[in-house]
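Reader: I'd like a close look at the pockets in this model. Could you walk me through what lines them, and then turn to a few residues elsewhere?

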Amino acid sequence: MLITLQELEIHRMVVSKTYAAGELDYHGAEFRQVGPLDVEAVAELVGSEIRIRGSLRTRLEAACDRCLERVEIPVSRDFDLQYRPMQSIARDEEVAIASDELDVGFFSGDGVELADVVTEQVILSVPMKVVCRPECRGLCPVCGANRNRGACQCPPARPDSPFASLLEG
């Protein structure tokens, strides 16, 4: 769904849309959408900028960064975004952006694609490190066994190892 300047000049747009799992492309992200993605948003023209406010909700699935088990991540996010036409900064020289303008996005063409806005917001909602639970013990670095399921059969660290002192409590 394209949110265009021409339509916003006439009236604001109220959007209520659901994207099914697999409908959006998350550009190689290491998670997958496992539930419907519900979006409620309002788009309006503020001067020459497009402002999109709204919220989204979905469920994602990713691998735990410690043990590789599957983890479900509930996503509930509010957003308030502003987009300016690309030609407002299109120059050949470098342009410094003021710190109060770091939250402004840019668009080219007729407007902003809602799917792109939603995709970006979902990607931003995923934590940097996905962990199944805070006490996750991860995988054994020697044999690869999941230490959450029990101790592995690897021998203890060699005493002449420079890391042996870390085992002492």
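Author: Here is a tour of the two pockets, followed by three single residues. Keep in mind that this is a predicted model.

Let's start with the largest pocket, which has a volume of about 240 Å³. It is lined by 13 residues, and the closest to its centre are Glu-30, Val-126, Pro-127, Met-128 and Val-130. By class, that lining splits into 11 nonpolar and two charged residues, with no polar ones.

The second largest pocket holds about 210 Å³ of space. Its lining takes in Arg-137, Cys-140, Pro-141, Val-142 and Arg-147, along with Gly-150, Ala-151, Cys-152, Cys-154 and Pro-155. Here the tally is seven nonpolar, one polar and two charged residues.

Now for the backbone. His-27 isn't a glycine, yet its phi is positive, near 55°. You'll find His-27 in the loop between strand E2 (13–19) and strand E3 (31–33), and its relative accessible area of 60% is over 50%, so His-27 counts as exposed. Leu-68 also isn't a glycine and has a positive phi, about 70°. Leu-68 sits in the loop between E5 and strand E6 (70–85), and because its relative accessibility is 55%, Leu-68 is exposed.

Strand E5 itself (residues 49–63) is where Ser-55 is placed. At 14% relative accessibility, Ser-55 falls under the 20% cut-off, so it counts as buried. Leaving aside residues up to four places away in sequence, Ser-55 touches Asp-38, Val-39 and Glu-40, plus Arg-77, Asp-78 and Phe-79.

Terms used:
Residues are numbered from 1 along each chain as its sequence is written. This is a predicted model: local features need pLDDT of at least 70, side-chain atom pairs count only at pLDDT 80 or more; totals for chains, interfaces and linings use all residues. Side-chain values use heavy atoms; hydrogens and water are left out. Helices (H or I, at least four residues) and strands (E, at least two) are DSSP runs, numbered from the N terminus. Buried means under 20% relative accessible area, exposed over 50%, partly exposed in between (1.4 Å probe, protein chains only). Contact means heavy atoms within 4.5 Å. On a 1 Å grid over the protein atoms alone, a cavity is a set of points where a 1.4 Å probe fits but cannot get out, and a pocket is an open set with protein on both sides within 12 Å along at least five of seven lines; lining residues have an atom within 4 Å of a point. Grid points are joined across faces, edges and corners, and a volume is the space filled by probe spheres set on the points. Ala, Val, Leu, Ile, Met, Phe, Trp, Tyr, Cys and Pro count as nonpolar, Asp, Glu, Lys and Arg as charged, and the others, Gly among them, as polar.
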